[in-house]
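Work through the following exercises with the structure beside you, and try each task before you read its solution.

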Amino acid sequence: MESLQDIIVESLSHTCPTLNSVAKQLNMSSRALHRRMESRGMNFKQFLQQTREKLAKLYLKDPSLSLNEIAFLLGYSEHSAFTRAFKQWFGVTPKEFRRS
């Protein structure tokens with residue numbers, strides 16, 4: 001599902017990707033994508049969240065990116081929404097994670 005992840009990563013900074021929009025870019029129906037993901041034990045929402053989690057950690061290692069830029073790159077309209085999500089995922093704020 002590497003191409004799926006590539007599409008999601010590219011879409012995040014423009015808009016929040018949906019199952020329908022990603023399926024369209026993969027030239028398949030949303031139902032076919034859903035079934036393919038289901039056969040691998042996950043759903044689109046989980047995959048999107050896992051992708052955001054991986055990217056957040058990666059981006060936070062780059063000191064040239066501000067927290068606002070990272071939030072934007074991950075598809076969040078506000079820094080505070082990114083901070084809440086990050087804290088829910090990892091138990092610390094992005095700022096605390098970056099310091100450690």
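Helices (H or I, at least four residues) and strands (E, at least two) are DSSP runs, numbered from the N terminus. The model is predicted, so local features need pLDDT of at least 70 and side-chain atom pairs count only at pLDDT 80 or more, while totals for chains, interfaces and linings use all residues. Residues are numbered from 1 along each chain as its sequence is written, and side-chain values use heavy atoms, with hydrogens and water left out.

**Exercise 1.** Determine how many helices and strands the chain has, and in which order the elements run.

*Solution.* Counting the runs gives 7 helices and 0 strands. Read from the N terminus, the order is therefore α-α-α-α-α-α-α. The C-alpha atoms fill a box of roughly 40 × 25 × 20 Å along the principal axes.

**Exercise 2.** Describe the largest nonpolar core and find which helix supplies the largest share of this core.

*Solution.* Begin with the term: a nonpolar core is a set of buried Ala, Val, Leu, Ile, Met, Phe, Trp, Tyr and Cys residues joined through side-chain atoms within 4.5 Å, where buried means under 20% relative accessible area, exposed over 50%, and partly exposed in between (1.4 Å probe, protein chains only). The largest core has 26 residues, and L4, I8, I70, L74, Y76 and F82 touch the most other members. Next, look at the helices: α1 (2-12), α2 (19-25), α3 (30-39), α4 (44-60), α5 (67-73) and α6 (79-90) each give at least two residues to this core, and the largest share, 7 residues, belongs to α4. Finally, take I8 as an example: leaving aside residues up to four places away in sequence, I8 is in contact (heavy atoms within 4.5 Å) with P17, V22, F44, F47, L48 and T51.

**Exercise 3.** Classify the ring pair of W89 and F90, and decide for each residue whether it is buried, partly exposed or exposed.

*Solution.* Rings of Phe, Tyr and Trp (its six-membered ring) pair if their centres lie within 6.5 Å; planes under 30 degrees apart count as stacked, over 60 as edge-to-face and the rest as tilted. The structure holds 7 such aromatic pairs. In the pair of W89 and F90 the ring centres are 6.1 Å apart and the planes stand at 85 degrees, so the pair is edge-to-face. W89 has 18% relative accessibility and therefore counts as buried, whereas F90, at 28%, is partly exposed. Both residues belong to one aromatic cluster, formed by Y76, F82, F86, W89, F90 and F97.
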